[in-house]
Amino acid sequence: MITILDYKAGNQTSVKRALDFLGIPNRISADPSEILSADRLIFPGVGHAQAAMAVLAERNLDIALKKAFNAGIPILGICLGSQIILSRSEEGDTACLDLISGVARRFQPQHSAYKIPHMGWNAVRFSRKHPLFNGIPDGSEFYYVHSFYPMPSDPRNVYALSDYLIEFPAIIGHRNLIAVQFHAEKSGKIGLQFLANFASWNPEDDDAE
Amino acid sequence: MLSKRIISCLDVRDGKLAKSVKFVDTRDIGDPVEKAREYFEQGLDELVFYDITATSDKRGIMLDVVRAVAEQIFIPFSVGGGLRNISDCYAVLHAGAEKVNLNSAAVVRPELLLEASNEFGAQAVVLSMDVLRSPISAQIPSGFQIVIHGGRKPTGIDALEWAIKAEQLGAGEIVVNSIDADGTREGYDIELTRAISSSVSLPVVASGGGGSIAHIARVLTEGMADAALVASMLHFGSYTVQEIKNSLAKEGIKVRL
């Protein structure tokens, strides 16, 4: 059972539909106790970092997420969920969850050929191996809509890169947490494969490799 | 770098798929959800559903279509046709669409773009414009005029001026549909697409007239479009999405394969 964190984040229903399509049992929850008892968690998100952090705090979900991460529950962050797991976001200069040290940075367009938000299909290049990349060819394209991107302090937390204006982290992670800037739930068959891989990921096995 | 997108538009009337030729004489060509799934399987990048239902009492049918699409198709899609206010927009977004496609209603009341952009974010607001070539005048200096209500009513608004204004109001993307080229399969209006694309810094989707891969290639390069809307070429089975994308890739155009 995958628990999808509900914090008025916008795309939790799209994520749910994709899991339903794949036949993966799931529920949407905003209850901190259900977050802590989850088998695995998806932390979705669309919108403003500051507003998102405010809702998380109001519902005590920020503390629940930190506890879930420390307890080793597999967590997948999506889009805004890949940004507010960092220490801070430049969006509204917001203090974030700090599950991974780093900052969500704003794209700085140098010339008009690069439109912001970065919206559309772009290639993702893997920087390492990971069980979530199984069956996904390196360089596969995923669907993006964003104006900020995650930048961990430690390059070892960067699992994949994409290019737009600059080279930016497309997938970041640490232990039982992995987070993607793109929308896996809207990235066609390859995105569905990624979600299916998450459903069977055991972070404990990674250490044994 | 971003790939150029291949988008298909499905015109839906009373829940069924239709394809217009110059906006008149629409022919029934099947089930929109089935067609959408076929294109998703083929690797289409994005879909647009346009509700051309004449009567408002059948509006609910479209929301059923949107929900069914959202449950089975995992690429972005937008919905347009008959969206007049924020609550209409909310209904289709809540049913599972990523974006709303605003056309006549935004021409009649441009503030709708601003309201929708503030409410849902610019990335969720697509301005769709129907454009007819018109004699150059003081009112229409570009020679491209906005028409509304399915292409039947000229507005006296210059298309370039409208595109710039729409960007200022918060549109996140513009679909440029040439009424002159629509359904002819004789090629996109390159001059029009290029003119709009050079006037705004938003992604521009070229629409109307695509009949061959060469047409698509030309509008994505010379026409400076970020995406091409392909309808007849796919709907009547002349091409598959893969055939179109493979050919474009051979010509050096970056597409998602």
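Q: What makes β5 and β6 of chain A paired strands, and which residue stands opposite S89(A)?
A: S89(A) stands opposite T94(A) in β6(A). Strands are DSSP runs of E with at least two residues, numbered from the N terminus, and two of them pair if DSSP finds at least two bridges between them. Strand β5 (residues 88–89) of chain A is joined to β6(A) by 2 bridges, and the two run antiparallel; by the definition they therefore pair. The model is a predicted one, in which local features need pLDDT of at least 70, side-chain atom pairs count only at pLDDT 80 or more, and totals for chains, interfaces and linings use all residues. Residues are numbered from 1 along each chain as its sequence is written, while chains are lettered from A and ligands numbered from 1 in the order in which they are written.

Q: Why are β6 and β11 of chain A said to stand at the edges?
A: The open sheet of 4 strands has the order β6-β5-β7-β11 (chain A), with mixed pairing. β6 (94–95) and β11 (148–152) each have a single partner strand, so one side of each is left without a neighbour in the sheet.

Q: Why is D93(A) called exposed?
A: A residue is exposed if 12 or fewer other C-beta atoms, placed from the backbone, lie within 10 Å of its own, buried if 20 or more do, and partly exposed in between. D93(A) has 9 within 10 Å, so D93(A) is exposed. This residue is in the loop between β5 and β6 of chain A and, although not a glycine, has a positive phi of about 45 degrees.

Q: What makes D14(B) partly exposed?
A: D14(B) has 14 C-beta neighbours inside 10 Å, and therefore counts as partly exposed.
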